[in-house]
Amino acid sequence: MKSLGIEDSAQIHAAFLAYMDLTEVRHWKEVSCLKSSELQVVLLEAQEKDGGPVHTVLPLPDHQAITHNTIRCVLDRGFPMLLCAVASDSTLVYQKVCDGLVTPEPPAGPFQDVGRQHRKRKHHPQ
């Protein structure tokens, strides 16, 4: 990653941690590093599954500001975008960024509301 010529060592470190997480923990496929000359950052491209869509990952240290122009530049690459915020303790948080409004997926798992019945409270006269 250092050979890409990016001078921001904090962003390179964030990209390295995201790369390791995607390859070793999440087992994403075809993870590669590339330089965005316009933004002067390291971007990652990867597939979550074999044959799945390519995602562009923008890893940034959590203290680094991000602009609408930065997001637009990454989205204009034509792939779904993941913003990866990297905390100082190496915690990674991924956020999917979409071009425009997207209907959210319904909740799943134990938080799903499955016809919950509401009981009326009994009124106790005093």
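## A tour from Ser36 to helix 1

Begin by selecting Ser36, whose side chain reaches the backbone nitrogen of Leu39 at 3.2 Å, a polar contact in the sense of a pair of N or O atoms within 3.5 Å, where within protein one must be able to donate a hydrogen and the other to accept it, and where residues adjacent in sequence count only if both atoms are side-chain atoms. This is a predicted model, in which local features need pLDDT of at least 70 and side-chain atom pairs count only at pLDDT 80 or more, while totals for chains, interfaces and linings use all residues. Residues are numbered from 1 along each chain as its sequence is written, and side-chain values use heavy atoms, with hydrogens and water left out.

Ser36 belongs to strand 1; helices (H or I, at least four residues) and strands (E, at least two) are DSSP runs, numbered from the N terminus. Ser36 is buried, with a relative accessible area of 9%, where buried means under 20%, exposed over 50% and partly exposed in between (1.4 Å probe, protein chains only). If residues up to four places away in sequence are not counted, Ser36 touches Val41 and Leu43, contact meaning heavy atoms within 4.5 Å.

Next, colour two residues by their backbone torsions. Glu30, also placed in strand 1, has a phi near 50°, a positive value in a residue other than glycine, and Glu30 is exposed, at 62% relative accessible area. Gln40 sits in the loop between strand 1 and strand 2, and its phi is positive at about 60° although Gln40 is not a glycine.

Now show the strands together: an open sheet of five strands runs in the order 1-2-3-4-5 with mixed pairing, two strands being paired if DSSP finds at least two bridges between them. Its edge strands are strand 1 and strand 5, each of which pairs on one side only. Within the sheet, strand 2 and strand 3 pair in the antiparallel sense over four bridges, and Leu44 stands opposite Val57 in strand 3.

Finally, select helix 1 (residues 9-25), which has 17 residues. Asp8 caps its N-terminal end, with a side-chain oxygen 3.1 Å from the backbone nitrogen of Ala10, and the helix is followed by His27, whose phi is positive, near 55°. The buried residues of helix 1, including Ile12, Leu17 and Leu22, pack against strand 1, strand 2, strand 3, strand 4 and strand 5.

Notes
The expected span of a helix is 1.5 Å times one less than its number of residues.
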